[in-house]
Amino acid sequence: MAGRSSTTTAPVIRGKLAAVWAGILVLACTPAPKDRIALVGGTLIDGSGGRPQPDMAIVVHGGKIESVEPRDGFVLPKSAVEVDVSGRWIIPGLIDAHAHATHWALSRYVAYGVTTVRDLHGQQDSILALREQANLGGMLAPRFFTAGAMIDGAPPTYSDATVVTDEDQARRAVDARVVAGVDYIKTYTKITPPLLKAILDEASTFHIRVTAHLGLTDARTAAEIGIRSIEHMSGVPEASVADPKAFFAAHRAGFFTGWNYFEKSWATLDSASLDRVARVLADAKVIMIPTLVVHETFSRLDDPAMLNNPDLKAVPDSELTRWNLPDLKARAGWKDADYAAFRKSRPMQDLFLRAFRAAGGMIAAGTDATNQMLVPGGSEHTELELLVEAGLTPSDALLAATRNAAILLGADSLGIIAPGKCADLVILTANPLDNIRNTRKIERVMVRGLMVPADSIRKTW
């Protein structure tokens, strides 16, 4: 019986061994899975501020940049799909450093090459939920950072802001945001110097950043207290005059009263005082988010041609209705003379920005989208154009929307194309250093290592 069992099982064992060897041979002959993308032949503008690098090869794997090297001598990995980008320019994904993002805007950002947004106010629970939805990767969306709800004094401009009237409340407001998991903190126009000092002190305990839209605190005082980023160039005129009491009275009277006084005041300032403030802020390492597109757009709302902006085609009809420009103009109290005064101030805003940049100050590109007439994604390109018109080079403008904005976020894996960094990039059909408007000539966008043709995104709107 034992002999018969051995004889009977031998062919079975040999058959199983043959099957195993056959499987091994099949595996050996099966091509490696294509889990990498190699962009080959393009000119790289990597976000470091260095010279463009022609004819490069960039390998992406697992949402990260795996390698960056010259095409000459490059060996395509067996597991890589090669994408020929000869005659194209590759830049880091753009960052909108001042956004008010909503669900409908997310795909618009990506189509315009904006792969990261820095959101600066929303109803806290809903904006945190939108951040999680965007960052989980189950939808086409930029990377999403948020301040949650802003902190303001009394009475607040927005009902969903958190109101603080003393230093204890200010500290508790910071604590609540840390517990909620915000990425940084934003303060608004009614925050006085003592309140700002308490907010900054409490935030430093948790190593969380604070940014400010100033009103009742001038920019020089804010810098001395410790603020390290300022939105809209707010507080600069207040710091440029001998006595800012009239500014503070306007800010106390209401948001638009303060904003209008602030906007008009630029035309009355002298270049020497602006230069002094620029140097103080640059020396304090304050990052400026000027949002020139806001100042420019709101200075031209009396021009019917504004409604012909082709970027508006990206905005849903329901959103255009919600924007309700007549209501905005009525609430702001804007008349023809106000628009003319705002336009008169624009050259001085540009002059300050040139002085700030010349003093070594860092500028980050932000837009205030999705507020009225500020199209998510499209406004980022307008901001770049306005930065160049203000006196920055195209290279500096690109840095404002990539490396500098990443530094502002404290996200060193963003804003630059290099091994180990996040695979967020934009493929252009023309050189943005020749003409900054070429940042609009987007062929494909990569976010989190996923590459999508820009036209295919627009077809889903």
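The chain has 18 helices and 18 strands; helices (H or I, at least four residues) and strands (E, at least two) are DSSP runs, numbered from the N terminus. This is a predicted model, in which local features need pLDDT of at least 70 and side-chain atom pairs count only at pLDDT 80 or more, while totals for chains, interfaces and linings use all residues. Residues are numbered from 1 along each chain as its sequence is written, and side-chain values use heavy atoms, with hydrogens and water left out.

**Whole chain**

Show the C-alpha trace first: along its principal axes it spans about 110 × 50 × 45 Å. Of the 461 residues, 54% count as buried, where buried means under 20% relative accessible area, exposed over 50%, and partly exposed in between (1.4 Å probe, protein chains only). Among contacts (heavy atoms within 4.5 Å) with a separation of 6 or more, residues 24 or more positions apart account for 72%.

**The sheet β6-β7-β8**

Select residues 94–99 and 143–146, which are β6 and β8, and add residues 114–119 for β7. These 3 strands form an open sheet in the order β6-β7-β8, with parallel pairing; two strands pair if DSSP finds at least two bridges between them. β6 and β8 stand at the edges, each with a single partner strand, so one side of each is left without a neighbour in the sheet. From one strand to the next the twist averages 15°.

Now look at the pair β7 and β8, which is joined in the parallel sense over 4 bridges. Within it, Val-117 stands opposite Phe-144 of β8. Select residues 124–135 next: this is helix α3, which lies across β7 and β8 and runs at about 155° to β8. Axes are lines fitted to C-alpha atoms, for helices over the stretch in contact, and angles run from 0 to 180 degrees between N-to-C directions.

**Ala-173**

Select residues 167–180, helix α4, and pick out Ala-173 in it. Ala-173 is buried, with a relative accessible area of 5%. Leaving aside residues up to four places away in sequence, Ala-173 touches Ile-151, Thr-162 and Val-164. To relate this position to the sheet, draw a C-alpha to C-alpha distance from Ala-173 to Val-117: it is 23 Å, and the two are 56 residues apart in sequence.

**Helix α9**

Go to residues 255–265, helix α9. Of its 11 residues, 8 are buried, so α9 is largely enclosed by the rest of the structure. Colour the buried ones: Phe-255, Phe-256, Gly-258, Trp-259, Asn-260, Phe-262, Glu-263 and Ser-265. They pack against α7 (236–240), α8 (245–253), α11, α13 and α14 (336–358).

Keep α8 on screen with α9: their axes come within 6 Å and cross at roughly 145°. On the α8 side the contact is made by Ala-246, Phe-247, Ala-250, His-251 and Ala-253, and on the α9 side by Thr-257, Gly-258, Tyr-261, Phe-262 and Ser-265. By class this contact has 6 nonpolar, 4 polar and no charged residues. Ala, Val, Leu, Ile, Met, Phe, Trp, Tyr, Cys and Pro count as nonpolar, Asp, Glu, Lys and Arg as charged, and the others, Gly among them, as polar.

**Cavities**

On a 1 Å grid over the protein atoms alone, a cavity is a set of points where a 1.4 Å probe fits but cannot get out, and a pocket is an open set with protein on both sides within 12 Å along at least five of seven lines; lining residues have an atom within 4 Å of a point. Grid points are joined across faces, edges and corners, and a volume is the space filled by probe spheres set on the points. The count comes to 2 cavities of 30 Å³ or more.

The largest cavity has a volume of about 80 Å³. Stay with α9, which gives the most to its lining, with 4 residues. Other lining residues to select include Thr-189, His-213, Leu-214 and His-251. The lining has 4 nonpolar, 6 polar and no charged residues.

The second largest cavity has a volume of about 50 Å³. Its lining residues include Ile-95, Thr-115, Thr-116, Cys-422 and Asp-424.

**The largest pocket**

Finish at the largest pocket, which holds about 820 Å³ of space. It is lined by 34 residues, of which His-100, His-121, Tyr-158, Asn-371 and Gln-372 lie nearest its centre. Elements giving two or more residues to the lining are α3, α9, α11 (292–298), α12 (317–323) and α13 (325–332). The lining has 14 nonpolar, 14 polar and 6 charged residues.
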